[in-house]
Amino acid sequence: MKIDVLTLFPQMLDGFLSESMMGRAREAGVVDVGVHNLRDWAQGKHKQVDDRPFGGGAGMVLMPEPIFDAFESLESPGSHHVYLAPDGEPLTPEIAQDLAAREHVIFLSGHYEGIDERAREKVIHQEVSIGDYVLTNGTLAAAVAIDCLCRFLPGFLGEEKSLTSESFQGSLLDFPQFTRPAVFRDMPIPEVLLSGNHAEIEKWRQAMREERTRQRRPDLLED
Ligand code: ADE
């Protein structure tokens, strides 16, 4: 899969893209990520990318021209264009999975008071938010969306990891995990985990999933 990111702060993505599973997946060719500075498509001596909003008000708005030009030079037939913004639709596993099924996704990270509405209307296909809070810019939001979608790419998760048992699969949160030692500072692990009885362990895990979900996310249990 090919992913491009358009941002004013490309260096914010350096560590994210080179470390851990993302770094390995890129080296293995599971995903190809290109990071681009929107300013490279700015016009004039000052390489201006933003301007004051018509009608007045605080903040600056990203101009349409560099956005149109950048997408026109990066797009491919069928490429899907996603704008990260707090007023987009909330990112869900379903959205991430849908993005992972595409051949080429281009993310645009917003900044300041947003981007010119004409770019939203003509260039962008989908607007995504990573939560009901406002970040200083959308670059970290792009990283979150990329991390989340890459887990659905074939070959991204190693054999030891799996999508089948984790929070939100089946609309329940995950069960508690323990590793060695079996007793740590007078805190023993639940006995059932040492029983070797897989049916009992699964029953306990399911009960824990339901209890955790009831306590932390009762909204997931509605209807
Ligand atoms: N840009 C600023 N805040 C954001 C958010 N919550 N989600 C996506 N992009 C953003």
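**Notes on the predicted model**

1. Let's start with a proline. Pro181 sits in the loop that runs between α6 and β8 (183-184). The peptide bond that joins Arg180 to Pro181 is cis, with omega at about 5 degrees. Please keep in mind here, and in every point below, that this is a predicted model.

2. How is the protein chain divided into domains? The domain assignment gives domain 1, covering 2-150, and domain 2, covering 167-221. Taken over C-alpha atoms, the centres of domain 1 and domain 2 are separated by 37 Å. Pro181, from the point above, falls in the loop between α6 and β8, and α6 itself spans 139-150.

3. Next, a residue in helix α7. Ala199 has its place in this helix, which comprises residues 198-216. Is Ala199 buried or exposed? Its relative accessible area is 54%, and the cut-off for exposed is over 50%, so Ala199 counts as exposed. Ala199 also makes a handy ruler: from its C-alpha to that of Pro64 the distance in space is 59 Å, and the two are 135 residues apart in sequence.

4. Now to helix α4, residues 93-100. Its buried residues are Ile95, Ala96, Leu99 and Ala100. Why do they line one face of the helix? Looking down the axis of α4, one finds the buried residues within an arc of 135 degrees, so they share one face. The general background is familiar: an α-helix has 3.6 residues a turn, so residues three or four places apart point the same way. The cover over the buried residues of α4 includes the strands β5 (80-90), β6 (104-109) and β7 (126-129), together with helix α6 (139-150).

5. Helix α6 deserves a look of its own, and Thr139 is a good place to begin, as this residue lies in that helix. Thr139 has a relative accessibility of 0%, and therefore counts as buried. What does Thr139 touch, once neighbours within four places in sequence are left aside? Its contacts are Thr7, Phe9, Met12, Leu13 and Ser109.

6. The ligand site is worth opening in your viewer. Among the residues surrounding the ligand are Leu84, Ala85 and Pro86, as well as Val128, Ser129 and Ile130. Others around the ligand include Val134, Gly138 and Ala141. Which backbone atoms come up to ligand nitrogen? A polar backbone atom of Gly131 is 3.1 Å from a nitrogen atom of the ligand. For Tyr133, a backbone N or O atom lies 2.8 Å from a ligand nitrogen atom, and for Leu135 the corresponding distance is 3.0 Å. On its own the ligand has 260 Å² of accessible area, of which the protein covers 96%.

7. Finally, two backbone angles to check. Ser20 is not a glycine, yet its phi is positive, at about 55 degrees. This residue belongs to helix α2, residues 20-27. Ser20 counts as partly exposed because its relative accessibility is 49%. Lys47, also a residue other than glycine, has a positive phi near 50 degrees. Lys47 is found in the loop between β2 (32-37) and β3 (50-51). With a relative accessibility of 37%, Lys47 counts as partly exposed.

Note on methods: Residues numbered from 1 in each chain as written. Predicted model: local features only at pLDDT ≥ 70, side-chain atom pairs only at ≥ 80, totals over all residues. Heavy atoms only, no water. Buried < 20%, exposed > 50% of the residue type's maximum accessible area, 1.4 Å probe, protein only. Helix = DSSP H or I, 4+ residues; strand = E, 2+ residues; numbered from the N terminus. Arc of directions from axis to C-beta. Contact = heavy atoms within 4.5 Å. Near = heavy atom within 4 Å. Polar contact = N/O pair within 3.5 Å; in protein donor to acceptor, adjacent residues only side chain to side chain. Areas by Shrake-Rupley, 256 points an atom, 1.4 Å probe, with all protein chains shown as cover. Domains from an automatic or database assignment.
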